[in-house]
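Work through three short exercises. Keep the sequence and the 3D view at hand.

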Amino acid sequence: SYFLRHARSRNYVSESEVCKLESVPLDFGDYHPLKPITVTESKTKKMNRKGSTSSTSSSSSSSVMDPLSSVLDGTDPLSLFAAAADPVTTALPTDGARRKRDKDESSAVGSDFEPWSSKRGEILARYTTTEKLSIVSGGCHRKATTTGSAVSEKVRTRLEELDDLEEGSQKELLNLTQQDYMNRIEELNQSLKDAWSSDQKVKALKIVIQCSKLLSDTTVIQFYPSKFVLITDILDTFGKLVYERILSMCVDNRVSLPDNFSPECVNDTAKETCLNWFFKIASIRELIPRFYVEAAILKCNKFLSKTGISECLPRLTSMIRGIGDPLVAVYARAYLCRVGMEVAPQLKESLNKNFFDFLLTFKQIHEDTVQNQLVVQCVEIPLYLTLYSPAIDWILQCIAYHAPDVLLTEMMERCKKLGNNALLLNSVMSAFRAEFIAARSMDFIGMIKECDESGFPKHLLFRSLGLNLALADPPENDRLQILNEAWKVITKLKNPQDYINCAEVWVEYTCRHFTKREVNTVLADVIKHMTPDRAFEDAYPQLQSIIQKVITYIYDFALLFSVEKFLPFLDMFQKESVRVEVCKCIMESFIKHQQESTKDPVILNALLHICKTMHDSVNALTLEDEKRMLAVLINGFIKMVSFGRDFEQQLSFYVEARSMFCNLEPVLVQLIHSVNQLAMETRRVMKGNHSRKTAAFVRACVAFCFITIPSLSSIFTRLNLYLHSGQVALANQCLSQADAFFKAAVSLVPEVPKMISVDGKMRPSDAFLLEFLCNFFSTLLVVP
């Protein structure tokens, strides 16, 4: 007998769950036999205090764990060697992710938002001083701890190290020049990086506190904006170092945090370290360093809670109210707005609050405290007000970014209510969208008229308005009135530099919206203001800009040269290098926009004069590239000249051009080709049967070529032109002339060198000579 066997059905998943060992969750700080033991050794010297060098060792299984030790004391030498031995392991999980994260954060605001980095150089160049500066140099040496392992003693030691800066361990360096001061700031920045890389976190924090304190000093007030830029660079470095340090602590099993991580993904050690930093900063006694250092690490709130940044921004905004000096306060607000836009651009409310707080304190500018400070430093109010511009411009730029028109209108109305609001008005026009400003141009002109001239010059306000109107069009009915109102103010300016800075901006508005009559009036006014005392010599960049704008909008050259004052305007460029640049600019525009050939005598005379100016600038020191560029422009002009069937006039033009441009070989070559083409065009018109008159004309063309070719230096250029011109003469039945060309070519062949320069390299001439001789012999076949 036999039995039927059937496979038993089984559920492997449930059986596995039943059979496997019970798992117990393990906290990060718990003891585990396989966990690595971390040995931390610190050896430091304590000055002004009894004690000796101490060494402490601790394992991760220790029941008492000092959170400050893990952050501040550094790693032991063995750990450093292990890290150096396997750099790929440590770098791999973080570098790629960090690059990607940095890219994502930089794109949190769009490319249409002008970053702070683009303003930095302009501020440093604009706000300078010849006064002597001072800087406090702190005692940033490390101190030793006394022997003992008590946690409270260690904490007390570290707090004393932080307090040390405030208790007299610093020395003041006096009588520094601006450059010395900037060098010293750069040294501090490098010291910060060195201290951080050598795991001296207390020293790094002390450097940052020391630098932040400098922002409360306004003894050389005109340098304050540049000082702000230099010191916030250090703060930015510190903020980045702290953030990356905490981020590196979150890397687990070579897996870094995702870009948009939540605080729940952050381990306890990283959170504890992050809190540690905020507690240390909270213990800083002075308001200004405490504010700046906390703002610098604002981004680290992401490790603690989702609402951390949104809770901190209003608190920091309120802290600024405790800063008494209005200039110091407005730059603190600018820094908070900058950090806020980097870490949380969607939180607009704190930006608005900062600006409205500033408006409330704006009247402080006119109080005795500020006025007395200006008297002591011999600084005038208009100069003092310009110091506010970078900060207010930045705050308003942050607010105006993608802001609705309702908010911008509210901002404008609030500015209106303040007396003497020219400074704010200028910043509003610099920061708000050009379309918003242009649509309300007449409103802004009314506000500019009401401003007090003594506080902030009106011409700067009109310049800011003009910059907006160059980007966006105002209502059509208002355009002429806007120009009249602006030009009334601009034309009254006595200082040539102030005048030309404004006129340069408004020329573009005039060219965009008006006819040649208005453009001519504006150019005449510029000539009138800039000619006395040769004021134009100090304004070449602005005058060049005016020419560029005129030819951008008026590219019909018949119309351009009918503007009566255009050529007299060119006469103001009396420095040769500048004059040549302007001529090149005009010729480039002509070649780009001129679609048809021309024989207009006005255009020809003007452009011949301009080309002659370019040609005459060539000398023995002129670079080959420059010669080539000038030749291309002049050749472009020659090709665009055509007198139609008036061939004699055309030849006369070529003869005149040859006498004017004899120093540029490519132009002479072009003229020879053009004259040969003219001879062939004559043959085509006469259908090969020349009359006595046309035969004489063709011989004149051939003679032009025969006497021009010998003036060229390149031997192969001469050979090819002799051959080409001989072929043209032969086609026009000028047999004796053709014979003369071919004989000249034959007599030139023995002079061909064995090596010739091609594109800067020496090459054998055989291949070129062979090619020429083949063409030459093929032509001789048909010669009678």
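A residue counts as buried when its relative accessible area is under 20%. The model used here is predicted.

**Exercise 1.** Find which residues of helix H23 are buried, and what covers them.

Solution.
- Locate the helix. H23 spans residues 479–490, twelve residues in total.
- Check its length. From first C-alpha to last it reaches 17 Å, close to the expected 16 Å.
- Apply the cut-off. Arg479, Ile482, Leu483, Glu485, Ala486, Trp487 and Ile490 are buried.
- Look around them. The cover includes helices H21 (441–450), H22 (458–469), H24 (496–513) and H25 (516–530).

**Exercise 2.** Do the same for helix H29: give its span, its buried residues and their cover.

Solution.
- H29 runs over residues 576–593 and has 18 residues.
- Its reach is 26 Å, close to the 26 Å expected at 1.5 Å a residue.
- Its buried residues include Cys583, Lys584, Cys585, Ile586 and Met587. Val578, Val580, Val582, Ser589 and Phe590 are buried too.
- Helices H26 (540–553), H27 (557–560) and H28 (566–570) are among the elements that cover them. So are H30 (601–616) and H31 (624–639).

**Exercise 3.** Decide whether Asn676 is buried or exposed, then find its partners.

Solution.
- Place the residue. Asn676 lies in helix H33, residues 665–685.
- Compare with the cut-off. The relative accessible area of Asn676 is 3%, so Asn676 is buried.
- List contacts beyond four places in sequence. Asn676 touches Cys705, His724, Ser725 and Val728.
- Pick out the polar one. The side chains of Asn676 and His724 are joined by a polar contact of 3.5 Å.

Technical notes: Residues are numbered from 1 along each chain as its sequence is written. This is a predicted model: local features need pLDDT of at least 70, side-chain atom pairs count only at pLDDT 80 or more; totals for chains, interfaces and linings use all residues. Side-chain values use heavy atoms; hydrogens and water are left out. Helices (H or I, at least four residues) and strands (E, at least two) are DSSP runs, numbered from the N terminus. The expected span of a helix is 1.5 Å times one less than its number of residues. Buried means under 20% relative accessible area, exposed over 50%, partly exposed in between (1.4 Å probe, protein chains only). Contact means heavy atoms within 4.5 Å. A polar contact is a pair of N or O atoms within 3.5 Å; within protein, one must be able to donate a hydrogen and the other to accept it, and residues adjacent in sequence count only if both atoms are side-chain atoms.
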